[in-house]
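Here are some questions about a protein, each with a short reasoned answer. Look at the structure first, then follow the steps.

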Amino acid sequence: MAQRYKTQILQVIDTEYSADAVEWCPVAAWQNILACGTYQLKKPEGKDSGENDGFDEPHTRLGRLYIYHFTPDQLFMPLKELQRIETAAILDIKWCHVPIFECPTLGIANAKGAVELCHLSGSEESCQLDTMCSVDLGHDCLALSLDWSTGLGQSGHPPKLICSDSKGQLSLLSVNEGAPSMDIHSQWKGHEYEAWIAAFNYWNTEIVYSGGDDCMLRGWDFRAGIDSPVFTSKRHTMGVCSIQSNPHMENILATGSYDEHVLLWDTRQMKCPMGDTHVEGGVWRLKWHPTHAHLLLAACMHNGFHILNCKPSMAKAAGECPILSSYVLHNSLAYGADWSKISLADSQASNPETASLDCSSSESNAVAGSDRKLEMQVQNLKISYESPTGSFDLIVEDEDGVYVPEADFGANKISTLDCDSQCDPAGCITSQKEHNVLATCSFYDHVLHVWKWEFSTTELSSANLS
């Protein structure tokens, strides 16, 4: 059976600073709000690259936070900037899934080693983000990630945050009920090197997971204490940098790594993953679809953004997740990615000024009309990941040690695809036509893309993408 997937650009924005995090607000009545975080290194003033006076002056890590409003029925430039905030470099942002003190609240992990909470005030179309409180995770560290305990959208308990930092520490933060403040409830050494990611088990928030540059995936149960993890997995062969619990299906966990693999786990049995998909790019972020339990969005650094169907792997407890569609129009490191809860109406007119893409699962990574010399150059690239504790950069050299400009590295990516999608009907059937809005951002080209993904089938089968 043939399924058709259509990807359409809605808007592209230059963020000026390198973009690395993007999040749609999940709170009802505020879901048209989008936040984008950036990270920019600034060299010491008055220093040329060749100067050396015997002292190493640190780079300044600058950041800027953007707040946008999205208008679904606006055909041209539906995203409107509402606010920009100059701040320390941002490494992660996450909205709390429920209001705090009756306001949508954004958590920010920054390069000064702090976690900051900001709340939205005003109306949706003219709102403003204001600082509520912040907490320092420790001296001389970068806050690398954060996650809220509220992933199931329940507001019965005070929300908690789990954070990770560049010293390998994990911090459990509690938000005080009586006043807008945070406390470090507990803090412990989780990894030998950078702890890239930490995330809650949304179904049991006494359990958290963490991943680090030591290639370890670990689980922690607060009821058993934090002296040692309840499990350690070495299944990933490089640094573990993305983790998310499935908010629709209990016991399902997705993890990603610099090793270019997305692993699916049954949390009741963490010895072996139930699915293993090679996405040909380091997996910086993973996001489950807001309503469909089997759709997973992956930001794959050097290989763009992919939408995976995890149903076959969950059903068979083995094998790969088919890639339904890929978005490859970014020309730099694919870092930030998120689904919006907005569902565009089927009757919405297409924007004639934007490019339409119909992407097949088998051909979505195709490269059309690439130059042979450039192709060989890309094949011979020697890539070295450098920690964000240094510069959050990626060093790209050819086999002779010559720097390859980022523009050249991404030049062989295509701008349009047009093909029909054929895939296993057991794995990718939906009951109706849907239009999903997504936001993605990339680093060196400092751009934010907002795009639409449409999927439809010829038969009704609510059992497969429910």
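Q: Is Lys94 buried or exposed in this predicted model?
A: The model is predicted. Buried means under 20% relative accessible area. Lys94 has a relative accessibility of 12%, so Lys94 counts as buried.

Q: Which side chain meets Lys94 in a salt bridge?
A: Side chains of opposite charge can pair when their charged atoms come close. Here the N to O distance is 3.3 Å. The partner has a relative accessibility of 2% and counts as buried. The side chain that meets Lys94 is that of Asp92.

Q: How many salt bridges does the protein have?
A: A pair counts when a side-chain nitrogen of Lys or Arg lies within 4 Å of a carboxyl oxygen of Asp or Glu. The pair of Asp92 and Lys94 is one example, at 3.3 Å. By this rule the count is 12.

Q: How far apart in sequence are the parts that Arg64 and Glu86 tie together?
A: Arg64 and Glu86 form a salt bridge, with the closest N and O atoms 2.7 Å apart. Arg64 lies in strand β5 (residues 60-70), and Glu86 lies in strand β6 (residues 79-88). The pair therefore ties together parts whose separation in sequence is 22 residues.

Q: Is Arg64 buried or exposed?
A: The cut-off for buried is under 20% relative accessible area. Arg64 has 7% relative accessibility, so this residue counts as buried.

Q: Which residue meets Asp221 in a salt bridge, and is that partner buried or exposed?
A: The N to O distance in the pair is 2.8 Å. Asp221 counts as buried, at 13% relative accessibility. Its partner is Arg223. With a relative accessible area of 56%, Arg223 is exposed.

Q: Which residues do salt bridges with shared partners join into one network?
A: Arg64 and Glu86 already form a salt bridge. Shared partners extend the picture to one network. Its members are Glu16, Arg64, Glu81, Arg84 and Glu86.

Q: Which strands are the edge strands of the open sheet β11-β12-β13-β14?
A: This open sheet has 4 strands with antiparallel pairing. Neighbouring strands are turned by 20 degrees against each other on average, direction ignored. An edge strand here pairs on one side only. The edge strands are β11 (143-148) and β14 (182-189).

Q: Which residue in β12 stands opposite Ala143?
A: β11 and strand β12 (residues 160-165) pair in the antiparallel sense over 5 bridges. Opposite Ala143, in β12, stands Asp165.

Q: Which residues cover the two faces of strand β23?
A: In a regular strand the side chains alternate between the two faces of the sheet. Strand β23 (residues 285-288) has both faces covered, and the residues on both sides are all buried. One side has Arg285 and Lys287, and the other has Leu286 and Trp288.

Q: What is the bridge partner of Lys287 in β24?
A: A hairpin of 6 residues joins β23 to β24. β23 and strand β24 (residues 295-299) pair in the antiparallel sense over 4 bridges. The bridge partner of Lys287 is Leu297.

Q: How far apart are the end C-alpha atoms of residues 233-268?
A: An unreviewed UniProt entry lists residues 233-268 as "repeat: WD". The chain there is 0% helix and 53% strand. The end C-alpha atoms are separated by 13 Å.

Q: How many helices and strands are there in the protein, and what percentage of its residues is buried?
A: The protein has 3 helices and 33 strands. Of its 466 residues, the buried ones make up 57%.

Methods:
Residues are numbered from 1 along each chain as its sequence is written. This is a predicted model: local features need pLDDT of at least 70, side-chain atom pairs count only at pLDDT 80 or more; totals for chains, interfaces and linings use all residues. Side-chain values use heavy atoms; hydrogens and water are left out. Buried means under 20% relative accessible area, exposed over 50%, partly exposed in between (1.4 Å probe, protein chains only). Two strands pair if DSSP finds at least two bridges between them. Axes are lines fitted to C-alpha atoms, for helices over the stretch in contact, and angles run from 0 to 180 degrees between N-to-C directions. UniProt positions are given in the numbering used here, feature names are shortened, and annotations may be inferred rather than shown by experiment.
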